[in-house]
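Here is a friendly walk through a protein model. Have a look at the picture first, then read on.

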Amino acid sequence: MSSMKIKKGDTVKVIAGKDAGSEGKVLSIDVKKSKVVVEGVNVITKHTKPSQANPNGGIVQKEAPIDISNVMLVFKGKATRVGFKMDGDKKVRFAKATGEVID
């Protein structure tokens, strides 16, 4: 499987869906389903039963995963597409808008 263009901890901008235009930090990635969980984006209300961890139960708000195709990496304040190139013998990500190496 090829490498993911977005990693945990990256700042991304949502480009499609009900939260289009909002930015947030990537909290987790599901590689098999191509989904990402972004901080403060696609917040759902979940009704939970009482459990050992949460004795009262109740209504909890949490972020739900969104498709990775609906987010774009933000690099130096600008949303950009991501590409891969070889830097010596190491594969690195680079911003297609500027050509700069991301990491």
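## Starting from V26

Let's begin with one residue, V26. Leaving aside neighbours within four places in sequence, V26 is in contact with I6, K7, K8, G9, D10, V12 and V37. Keep in mind that this is a predicted model, and that V26 sits in strand β2, which covers residues 23-30.

V26 also belongs to a bigger group: the largest nonpolar core, which has 10 residues. Its members are V26 together with I6, V12, V14, V36, V38, V41, I66, I68 and V71. Strands β1 and β3 each supply at least two residues of this core. As a bit of background, nonpolar side chains in soluble globular proteins tend to be buried together.

## The open sheet

How are the strands laid out? Six of them make an open sheet in the order β6-β3-β2-β1-β7-β8, and the pairing is antiparallel. At the edges you'll find β6 (66-67) and β8 (78-80), each of which pairs on one side only.

Strand β1 (residues 11-14) is a good place to zoom in. It pairs with β2 in the antiparallel sense over three bridges, and V12 has G24 as its bridge partner in β2. Three bridges also join β1 to β7, again running antiparallel; here K13 is partnered with M72.

Which way do the β1 side chains point? V12 and V14 point to one face and are buried, while T11 and K13 point to the other and are not. That fits a general habit: in a regular strand the side chains alternate between the two faces of the sheet.

## A hairpin and the segment after it

Strands β9 (residues 82-87) and β10 (residues 90-95) pair in the antiparallel sense over six bridges. K85 stands opposite V92 in β10. The two strands form a hairpin with two residues between them, and G88 in the turn has a positive phi of about 75°.

Past β10 comes a segment that includes G99. Because its relative accessibility is 33%, G99 counts as partly exposed. Not counting residues up to four places away in sequence, G99 touches K85 and F94. G99 and G83 are 16 residues apart along the chain, and their C-alpha atoms are separated by 9.0 Å.

## Two loop residues with positive phi

Most residues other than glycine have a negative phi. Two residues here go the other way: N42 has a phi near 55°, and K76 has a phi near 55° too.

Where do they sit, and are they buried or exposed? N42 is found in the loop between β3 (35-38) and β4 (43-48). With a relative accessibility of 15%, N42 falls under the 20% cut-off, so it counts as buried. Setting aside residues up to four places away in sequence, N42 touches K18, D19, K62, E63, A64, P65 and I66.

K76, on the other hand, lies in the loop between β7 and β8. Its relative accessibility is 64%, which is over the 50% cut-off, so K76 counts as exposed.

## The largest pocket

How much space lies in the largest pocket? About 190 Å³. The residues that line it are M4, K5, I6, S34, I68, V71, M72, L73, T80, R81, V82 and K96. Sorted by class, that lining has seven nonpolar, two polar and three charged residues.

Strand β7 (residues 71-75) gives the largest share of the lining, three residues. Some names may ring a bell: I6, I68 and V71 line the pocket and are also members of the largest nonpolar core. M72, another lining residue, is the bridge partner of K13.

Technical notes:
Residues are numbered from 1 along each chain as its sequence is written. This is a predicted model: local features need pLDDT of at least 70, side-chain atom pairs count only at pLDDT 80 or more; totals for chains, interfaces and linings use all residues. Side-chain values use heavy atoms; hydrogens and water are left out. Helices (H or I, at least four residues) and strands (E, at least two) are DSSP runs, numbered from the N terminus. Buried means under 20% relative accessible area, exposed over 50%, partly exposed in between (1.4 Å probe, protein chains only). Contact means heavy atoms within 4.5 Å. On a 1 Å grid over the protein atoms alone, a cavity is a set of points where a 1.4 Å probe fits but cannot get out, and a pocket is an open set with protein on both sides within 12 Å along at least five of seven lines; lining residues have an atom within 4 Å of a point. Grid points are joined across faces, edges and corners, and a volume is the space filled by probe spheres set on the points. Ala, Val, Leu, Ile, Met, Phe, Trp, Tyr, Cys and Pro count as nonpolar, Asp, Glu, Lys and Arg as charged, and the others, Gly among them, as polar. Two strands pair if DSSP finds at least two bridges between them. A nonpolar core is a set of buried Ala, Val, Leu, Ile, Met, Phe, Trp, Tyr and Cys residues joined through side-chain atoms within 4.5 Å.
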